[in-house]
Structures are given as structure tokens and as C-alpha cells.
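Open the structure in your viewer and have the selection box ready. We will walk through it stop by stop.

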Amino acid sequence: MALMYNSTLILPDCLVLDFGTPLAMSDNVFPMRNWPAIASILLFSSFATCHAARGDVDFAKEILPIFQKHCYACHGPNKQESGYRLDNRDIAQKGGDNGDIAIRPKDAKNSPLFRYVNGDEEGMLMPPKDSGKPSLSNNELQLLRTWIDDGAIWPDEFAGHQRQRSSHWSLQRLVKPTPPADHPNPLDAFIQRELKTKGIHLSAEADRRTLIRRLSFDLIGLPPSPSEVDAFVNDHSDHAYSKLVDRLLASPHYGERWARHWLDIARYTESQGFEYDRLRENAWHYRDYVIKSFNEDKPYNQFMKEQIAGDVMEPMTTDGIVATSLLVCGPWDQAGNSQKNQTQRSITREDELEDLIGVVGQSFLGLTINCARCHSHKFDPIPHEDYYGIKSVFEGVKHGERTIATKAEIDARESLQKSLQNEIDLATRTLNNIESEGAKQAIAKRPVGSVAPGPTPYAKWTFNENEASIFPGELNGGALIKKTDSSRGSLHLPKQGAYFQSKPITKDIREKTLETWVALANLDQSGGAAISIESSNGQVFDAIVFGEQKPKEWISGSENFSRTKAFGASEETASPSTLIHIAIVYSSDNTITFFRNGEPQGNPYQSASPIPTFVAGEARILLGRRHTGGGKPWLVGEIEQASLYDRALTHDEVAQSYRAHGASVSKEEIIANLSPEQSAAYTRALTELQRAKKSLSELAKLPVSYVGVRVQPSTTKRLIRGDVNSPDEEVTPSGLSAIVDLDPNFGLSADAPEKDRRLKFAEWLASDLNPLPARVMVNRIWHLHFGQGLVGTPNDFGVSGERPSHPELLDWLAVKFIENGWSMKALHRLIVHSATYRRSSTFLPSAAAIDADNRLLWRFAPRRLEAEAIRDAILSASGQLNTKMGGPGFRPFTTTEFNATFYTPVDRAEPEFQRRTVYRINVNSGKDPLLDSFDCPDPSVKTPKRGVTTTPLQALELMNNAFIQRQSTHLSERAIQSANGDLENAIDFVYEFALSRKPNHEERQRALAAANERGLPRVCWALFNSTEFVYVR
Amino acid sequence: MFVKQRSIRSLIEQKVPFDRRHFLWNAGGGLGAIALAWMLNRESLFAGDKQSSSAISPHFTPKAKRIVQIFCAGGVSHLDSFDYKPELERLDGKTFESKGENLGFFGQPGRLMKSVYPFRQHGKSGAWVSSLLPHLAECVDDVCFIHSMFAKSNNHTPAAFQMNSGFTLNGFPSMGSWLSYGLGTDNENLPAFVVLPDPRGLPAGGSINWTSGFLPANHQGVAFRTQSSEPVPDLQTPKGISASARRSDMELLATMNREFATNNPGDHAFAARLRSYELAAQMQSSIPEATDLSQETESTQQMYGLHEAANKGFAKNCLNARRLLERGVRFVQILNGGSFGSPRINWDGHENVRENHDAQALTMDKPVAALLKDLKQRGMLEDTLFVWTTEFGRGPATQGIGSPGRDHHPNAFTCFLAGAGIKPGIRYGSSDEIGFFTAENKVTIPDFHATILHLLGLDHEKLTFYHNGINRRLTDVHGQVIQGVLA
């Protein structure tokens, strides 16, 4: 009925007034069959009384005045209760904070705006009775209703400032302020103006020893060597300081230092987190990419774009592909993604995307867009729609590994692979032909009546004397080989826990046939497998499983039953100890077929998920066990033989194999029956095959990395209150509407290609007109140099973040940053050359009385080194630092696989473990006690600013950790060697290596006494524990 | 020991003006303020400060001074333990009528299955407890059952994270960290938040379960390896360094650090470092003392079942918990069960709920009941909150046709509270006739957490910490104190 309303001529809803019946009721009151009659009555009277026929309502003259009169007081230019305003078309239509669309064109009845003013929602009558504003008159209500039902046409000229610039400081256009003129360095000019205004005195410039130590830790994260200190202290040239800065910025250690900061922000983790917390063996490429980017001084706008869309930017590069790891290098809930419950799985996926949008928004824009998942942002001008527009940009990004080779590299490898595979196929066919000829000849010579041989398996396991499989294995848990006669035997699995496991197979297997001759000890057992092929950890498997889902039924078992479905065959009836022949065929089209004693049983089916490839060198065969790690996986009984075919056998072949009962003609027999020509051809083909196989196996594997996979997503819908089961309107990929100098609309359709979405977003993000990225990044770099940012909340430039202490300075730096081509090294130079940076850390009570937090930078506040810098500094001082850069990280833990990965920290002294800490594999659940105690953040947490705590556990670590003891000894040995055995000189060296200074007389005497009494390592220990060592001033 | 108490005192008396939130945030600015506050919590440095949640003083007078939480990993079946469902006996073996979307983790449920154990009423309160837990059944008059618990996720780790941190995601501070942040410690010689992992293995997610997330690292749970001679890593002075040599080393270090602090006045963190070494030295003796069970009488040890093979160290943890609570640890979390295993080492009875729960209960029942009784007999239950939890329950139908197992079930399950401020001997809330949905007085995890914080004197809406744009809470934007369980 409602539909007819909208599509017929019978439109003047207001006419119902003539009947004294509210329209909403009329829909229900009049039965359909009466419609024509009523319609004519309505039509008849309409022209007389209604001035609001279709398209006749004039928005400007008739609707806008209603809004102004009744609504503007609370939902207009000056006030926006619940974030809703009727002076702005977008917001008026899209609704306020509650997330519901307010005006649904052509559907007044379901438009909250109309329902509220019409009193259809209990307790929601608008304007509220106590507001002092009059309710809408019947006529006004009808006008509004008609207007909406006609399509709510709202002309552009009255659209209001639909993208009115927010008054919030960080969203203002970037304009370069003029620095105060009284200081040559603009940066100092801004700082000193504030200090002067407050009447604060400054501390003096720091001495050179302090400066070189400060600069070294700041720029490369390592202490200066004693000779570097001497050189700088004694360099009286004008450019001594600049030369030092240049040297440090050119050092490859610079990238290692600053990459670590960025990895905190990127929530870079090398394990999954959540239940399984699996190690990501191939995540480190991203860490190297970040190090390289800093070292190359990659322009920051480029750095941003690559991390959003580097994999789809032309020309395609490995760096670009790796860069996009940012999107997925956080935690991932594997269990949540693989579970059966659809709602919960969708929630898991939405959580993933929130994490992704969170890292993009916070890292580059300093905005918590992620807060707008359930409703418009509480504080910032980020409507609910914007969240979903951005979600649509990233909807096609999923977790996982893929190759980071470029397309050209992939193509080259593929074509080589294909040609080798062709050679292998050709040689194999030749061999097969000759073999089958040879087999025929052999059989012809056999006595009449013997059985025809079955198909030749890829691998076969028998337990007869003098027969070995190409993939031998181990008997476990009480499994044993039982002789059945003088030369024949079978695998006996007398109890739960007994099984056979083969060595890894040496060929990738996808299409396949599993086959076994098995005798079950009883038919009540459940969940055991006669034969299983599984990945090395048992996470993926296909198996012939008995009685697991239903008693007495054979199924094709698989992880989480992902390829399992009942065959619908009859129950197993074989009496105990009777041998039966079972085969399951897995075709390349994912069809799975079940055979018993040579005949198909039940119904073949299409697997719900594709048949996996079992990888050469990893996959293996289990007999008697379903898979490693599964509950109750045991089969009790006997297995006479089992075979794996690297292809899908036909019905005939299975039947043949059953009839042959495993009998086949041996290779020796075949070869013995070949003619000399056949024999020569056979040898040639065999040589050819071996050569091609060798080349194929030597073909370099394409490098893979945890950069995520991309899929073309279905269209994104806004989710009301973020609820996965309440989708609303479709959205298109877009940017943030609050950035008013850029068009947030990318002109893409809701089903636009995945790559276009990210490319457009990257361009939008990195535009010089976007005021946020430059502000956010210069603040980060400032924060990392001074220990506090100009904005104290580096990931939040929104309303609930802190306001800048020096707004003009921030903008000046941001514009300068862009002018300098987004060069981070230029920004470092600018900062570290300032007098502000070079100030001493001396505490001035008079200044502190006015500015206790040093927000105005009257001194350089002392700063505790981060955990990584402490460890690196210790290694550097002790001379043990291994400066090897890049590649897979070192593992300061052992792992235990127990369905999930468990990490146990280990302390190792090999050089590999003495690399810089940025090369440590940083996992979620395996914590390093030393680093952890010094505030190393959870890798999965986006950390723009590390905490600094002082705790007894920290003291215990420095006191007792074996690493500290070891390095104390190394430092001591190094110093004694440098001092040619002279203890007093050695003490000077120890101080210089650790603290970049010589001890004073008293310190020297004290250390000498201690070294004489307890050895020099104890002095080194005290230095590593000292406040002076762990603080940079 | 190495620094005169006066220097600490003088820090407290030194009145430095600051913005509270800013101060907390800028601890990185060289002040180490949080650490100092943590260590000086008993001095009430910030008492009266109303700007933000106080890391020092409660919001109102607390009923409980400390809390012990038992977390049974894997999902204890409410239907086979505490939530008696006569209707399920009647419907046993009947087809399970769908109640909307299947909530299980592994797919389609089978037929309805009654409790695999007989139930009977216990104590004066007449609470129903199955034969699975005979020892806990003796405690029902001290306990307040909540039969209407509701979890957000049907997946172990997110659900466990929610029970332990309020959120289903990685990286949010655990409840113990929030309490450490909110209340500090009563004994600076021991950590404020101690976790006692099951010796059989860690739960899924391992240390993520007791992370401090974005809260300062000093609020992180300290996992005691109670089966080891060194309960905390790097607690012991390395072998080969004698006590007297260590004393001399510490004196040398203290002299260096004291000189440095004197030469660089104005930075509190330098004094805090000195103090941290004193506390570290004290912990070297206080932790071994606190975990030395040989000081307990034979009868106490027997009460906990310390010598019974089935308890595999879990009993030790329960007894240890009491000792730690006695010594002022704010929050002790005892984990019962790890993850996975074959047979499983937690309550995840997918395959056979009876076989599984029999084995788990043998480990859990007696020691937990003993802890509750022990706290009561020592008068500690007066001001100790006792919390028994699991991440979710198990479904009323079997997992697949003909299976004796039950799948995960987040929509209704049972937990219980006891002790300080809790109404004893009652049952709060209920599930429906087959234990599928909550029926009366649904309790969400945020409600549960709000109530726990309330009992400890904290307003869950005021205990906040700013992180990346949000004043974060343990209870997110939810949670109401469950008035019905309060004494």
C-alpha cells in the first residue's frame, strides 16, 4: 500500500485530514480492494483543499520557515543538540549523533524527522513540550510530509555550509606565520617570545660532552665513542656542530633509531596476538623498509602514500609492496576468523578494520577516526558516514602473506617454471608409457591367472620385509610392525596414542588420492584416521577418518571440518580385524569422492573450501592419527598398507587397485623386460626428468612477506551503531569531510576497484592542502627530540587532545617541512641546530616555579633512555654490538607449538643476539623481562608516546639479568686491553665508554678501591645501573 | 637503607604546581611521576586531587581492600556445575529447537543434553550444586551466584580478554592493572598485581591476559613462577656474587646515584631511582618469604590438597594467593587451566564434557574451596573480594549429533562472588529454562567489572586513562553496578 502511495497519482496525503483520520492509520484502515473508490474520492476533493500537490511544495517558502520557526533554536546555526542541525542539508538528511538517517526521501512515514515532529515516537515529540517552541500545525505537518514523500528536494542554494570548516585549530588551513624578528633562528624566536612573556630565564648552552652524547642518542640511539667525543670537544672550527649533525644523520644507525619510533606508532608486531599468537616469520621486510626510508630521507608524503597504496602505485616496486604492511602489521584473530558463527566472524572482521582505520587515522592524521565506528565522533567533526567511507577504502585489505616480488619478476619465474614443468610432464609421460609397456611385457611372462597390477602410487607404505617406502618414518606411542607371515607384515596400532609418521614428502601435493587397507579393532571408536596428510604443525590436513561426526561413518576429515561433509554412505559393518579397502579421491575441481572396496559409496561433494596444497618439505603422512594437535585423533586396529597418489584416481583405477590388493609390478621387473631401444629411451627420459626436477627445485622461491592480501570487496554499507547485523545505506570510498580544502568525495562508485580506492585516498592524504599530516609529523619529530611534543598527544589532534603549546611554531615548522620537500632530515637539522635544543638540562627553580613541566622549554629536560636504547648502549659500551643490518630478526625466545605458539624468553650470547634491539623479533605474548620492565610497549598497541616508569622490577633486571653481568665483564676486558693492563687507566676508559666522560678524582679512587676488592666488572655493573647511564641530559 | 627517608619526605613536602592529567602524561618528561606516586602511594601525595582518577585514593569508602580472582580457562559448563535446569532433564535427547543464530564455535548443535551430573541442594541457602564440585558445594552459604552472566564473544581468547580486560581485543589493560593504577599497593615490597598461572600451561594469549596495555608498565601483572625457586625472573643475585660483595656493589651504586641526584637537583625521577633499588633489594627477600609454603602448617597444607597428585601445583597457587593477600598484594589472579592439550588442560569440553570436567574439577574444586574457607576462618573474607570466573558457559545441546560434548556458549553462564560487601548465600539473576539465554537480571561483563571496582571503592566511570583520543575505562562506555549483589 505504501508503495502505491508513492507511485500513483493518488498523492495528496493531506486530504485524509478531510476524513479526520491520520494518514498513518489510513494505510491500515482501508483494505486494498477499496482503494479505487477511495482514490477517486481523494482526487475529487484534493484540488479543492490541498495546496501541496506533488512537487508543489516550495522548500524555500514553505519548509525552510518551518525549520526556522520550530527547530533552529536547538538544531540550527548556533546550537546543535545531539549533533543535529537543520541549516545544513547533509546533516539534516544524515541525522545526528544517534546514527539514524533523519530524512528518508519518499518515505516520510519512516523518516525520524517526521516521526518526531508528528509525535509518532513516544517521548520524542519535537519540539519538546518544555522547549517553549510550538508544535507543528497540522498544515505544517502535511507540508513536511508531502515534501519528504515527494523526494525531499532541497535545492543546492539552501544546502547550507554543508562542509563548514570546523573551528578546531588543527583543521585550519596551514599558513606560515611570521616569526618574531628578534632572533636569527625562527624556531628560537618563537620559543623565546613565550619565555620572555612569562619572564622565564633560560638555562645556558650545554657543554660539548653533553651535546655530543645528547645528539648521538637522539639521532642514532647509541652513545658516542670516546674518540668521537674527543674529536668534537677539540674541534674549534665554526662548523664542528654541523659536521657532527651531518655525520650522525648520514649514519645508517640513524634509520635504525628512528624506525623504532615509527614501529611503535605503526603497532608493528611479529606475531598474531590473540589465541594462537603465531610467529610471523616474514614480517621483518616492513621493519627494513622503514629503516631504509629514514636513511634515504624519503619524502614524508611519499612515505605516507607508499604505506597506504604502495602495492598499486606505478611503477610497482618491492619497497612499495612491503610498505603497505602498515595496514596489517597489527594483531589478528585467526580463531575468530575461522569460526563457524557468522555474526561473530563479521565482528572479528569489523574489529580488524577498526584497528586498520585507527592506525591510518592516528598515525598520519592525528585523528581517532576509529571512534566513529558506532556513531559520529563524540568530539571531533567526523560523522559516522566518514568512518564507513574510509572503511570502504580499506575493505579489500586482509591479513596474510604474499609475494613481494614485482609483476615482472613473478612473470619471469612463472614462465621458467612452466617450461620446466612441461619438460617434466613430457619426460614423465615417456617414462609412464615405457613402464606400462614394460609392465605388460612382464605380466605376459607371468603365470596365467595372476592379478593385473593397480595404478602406481606416488608413495606407498607397506610393512613387509625388504620393502621400504620412499618416505620412511617413525613408529610412535606403542605402534609396532606385526608379522603376518614369514615375509609380510602390517602396522599394528594396539591402543590410543599409537601411530606412524612419515618423513616430509618432497613434492607439492594438491590433487590426490588417499588409500588404505585397514582393519578396525572395533566399530565403536571415534575420530581416528587410517591415513592423513598434514602440514608440519597439523594445522591443515586431509584424512580418512572413522566415526568422528557420526558413529561408524567414514568421512574425509579436515581442519575445523572445513572440507568435510557427510558422504551419506552406509555405516561401516566390517567385523573387527577384517581388512577393508578405503580410498578418498580429491580432484582438482575440489570434488571429494569416497570409495569402499573399490566402489563409490554415498555422494561425492564439492568441498566448501578449496583443496589445499601440501607443501614439499613440510607435509607428511600419518597413519593411525587424524592430525597433530587434535583431540582424540587415534585409530585402533591394523593397517596393512597405505598409499598416496599425486593425482585423482578414476573409478576404474580405484577398482583396479582394490582388485590388485596393492600388487604392482616392481620397477626392477619392468626394467628387466624392456627392449634395448626402450631401455635407452627410458634412461634418456629419466636423465631429462631428473635434470628438469633439479632445476625446478633450485628455482628461487619468490620472497613473501606479511603485507596482507587484497580482494575486491563487496560494497560497504554503513552499520547502524556499528552492529554487523544492522546495515544501512551504501557508502562510497571517501576521505574525511572535515578537511574542507580537499574534496572528500573521490568520485568512485561503491563497487570501485580495490586499488583505485587506496590510490585516491593516498593522494588525498598526502596533498599539500591537507593540514594534518605535516602538523602531526613535525610534532612527532619534535616530541622525540624534546621528550614532549608541542602537542602533548601526538596521535590525537582532535578536540580531546591537547592544544599546542606553541601553535605558531608548529605551523611554521609544518609549512617549512612541506617547503623542504617533506624532508625529515632537514627537519632534524632545523631542530637540533636551534639554541632551544642545545640548552643545558640545569634545573632553574625560578623558571620551574612558573613552568614546572618545562612546557615552554627553558631547559632541555633530562630523559630516560628507552628500553632498546639502554640495551643497545650497553652493547655499544661493552664493544659487543653486532652492527649487521636488516634481514630476519634474532629470536630471544624459544617457541613451543601446542595448537598455539608459546614463547619462552632465552638469554643467548652469540653475535646474532648482540644486534641492535630493533632487530629483535617482537612478539605479543613472549615478553623480555629486561626490555619489558623499561616500558617497552605491547607491540599491538599504537604507542605514540612511551611511558616512563621507575620500578623495583626494573632495578632487579639491571641488577641481576645475566646479560648485564656478561656485558659488564666485556666492558671490563675491553677497558683493560685499551689501558694495556693499567687498572687506573682502565677505570678512565670504563667511564668514557659508558658515560662519555672521565671520572673525577674521587670517583676514580672509589672505583679503584672497588675494582681492587671485587674486580673491574663490578664497577662496570654499577655504571650500567647508574642513573647517569640510563638518562640522557 | 641507602638513602635517608628524609629525601623522600622532602619530595612530598615540596609543593610543585601541576595539572594532574598533564602530570601523569608527562611522566616521560623526566619526572617519573607515576613511579614515584606508585611507590609513595601510602603517603597520599595526590589526596584531594579531583581532576582525574586518583592513582592513590579511592573514590569512596571501599568494602574490599583486596581481591582474588579465580579464572577457569576454557569455559566451565554452567549447566553441569551451578545452574540447575530440571527442564533439561525432561528434554534430554530431544531435538534442539533453534533459538536464533547458532552460538557455538564449531557449527551445528546436536540434541539437548541434561546435566551429566546429579544436582542437589546445599547449605542453609539451599543452592543447587552438581556432584562435580563437592568442596565448593560446602561454601554456598558464603557465596553469591550470578546465573545471568553474558559474554560478547563465543571465542576463547576474545572472551577471556573481555573477562580480564573488559575488551575482546588485544592490548587493553587488564583489571588488575586498572586496580593497581587506581589503588596502588598496600605493600611496596611486593607487586600490586600478581598472576599465578596454572603450572600445566598458560591460557591462550599468555601474558596478553595480564598486560597493562596502554597504562604505565608498572601496573603490569607480575606472573609468579610459583613452581620455580625464582618466582620472578632475575630476582636472585647471580651465582658467584657473595652477599657481602653485593652489599658493597649496592653501596657503590647508591653513592653514584646519590651524587648524581645531588648534582642534578630538581628531577624527582633521580630520587625515585634510588628508592627503586632499595625496594628491589627488599623484594629479593620479601618475595621468597611470601611464596615459602613450608611456613604453613601441615593441616593447612592438607586442607588445600597440597599433597594430592591431581592438584599438580594448582593447590600451591591457591595457598600462595592467601599468603600474598595477607601481605598486602592488591590483586591476585589465579589461573585454572591453560590452553589446548590432548587431553585438554582446561575446561573446553568439546568432545566429552564429563571426561573433561571430571579431570578439571579434580584440580580446581578442593583448593579453591579451601582458599575461600581459609580466608573466612582468618577473618580476611571481611575485606577481601573473592571472584570466581570463566570466559563463557557451554550450550545445552551436544556439539553435533550423538556427541557427549558441549560447545562454547556466551549468552548465559554462571560466575560467583563472595566476601567483602557481597550478600552471602544468594543467587542473582537467572538463565532461561534450558540455560540458553539470560532470563532475569542480565549481567554483562562491564556490569560485573563496575561492581568489582565499586566494592574496591572506585567509580568505574571515573577511573580513566587518556589514550589516543579517548579517556579509556575498564568498562568502556557501559556498565552498571549490580545493586542486587551488594550487602
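Start by colouring chain A by its domain assignment, remembering that this is a predicted model. Domain 1 covers 2-49, domain 2 covers 59-158, and domain 6 covers 963-1032. Domain 5 takes in 459-663. Two domains are written in two pieces: domain 3 is 299-404 + 703-767, and domain 4 is 411-447 + 679-698. Now select domain 3 and domain 4 of chain A together; their C-alpha centres lie 49 Å apart.

Next, look for a sheet in chain A. In what order do its six strands run? They follow β4-β7-β16-β9-β10-β11, forming an open sheet with antiparallel pairing. Select β4 (473-476) and β11 (554-558) of chain A: these are the edge strands, and each has a single partner strand, so one side of each has no neighbour in the sheet. Neighbouring strands here are turned by 15° against each other on average, direction ignored.

Zoom in on one pair within the sheet. Strand β9 (residues 528-534) of chain A pairs with β16 (residues 620-623) of chain A in the antiparallel sense, over three bridges. Show A:Glu534 as sticks, and you will find A:Arg620 of β16(A) standing opposite.

The last stop is the nonpolar cores. The largest has 292 residues, and those touching the most other members include A:Val778, A:Val990, A:Val1019, B:Cys318 and B:Leu456. Then select helix α9 (residues 268-290) of chain B, which gives this core its largest share, 12 residues. Apart from that core lies another, of 51 residues; A:Trp461, A:Val540, A:Phe541 and A:Tyr645 are among them.

Note on methods. Residues are numbered from 1 along each chain as its sequence is written. Chains are lettered from A and ligands numbered from 1 in the order in which they are written. This is a predicted model: local features need pLDDT of at least 70, side-chain atom pairs count only at pLDDT 80 or more; totals for chains, interfaces and linings use all residues. Two strands pair if DSSP finds at least two bridges between them. Helices (H or I, at least four residues) and strands (E, at least two) are DSSP runs, numbered from the N terminus. Axes are lines fitted to C-alpha atoms, for helices over the stretch in contact, and angles run from 0 to 180 degrees between N-to-C directions. Domain bounds come from an automatic or database domain assignment. A nonpolar core is a set of buried Ala, Val, Leu, Ile, Met, Phe, Trp, Tyr and Cys residues joined through C-beta atoms within 7 Å. A residue is buried if 20 or more other C-beta atoms lie within 10 Å of its own, exposed if 12 or fewer, and partly exposed in between; C-beta atoms are placed from the backbone.
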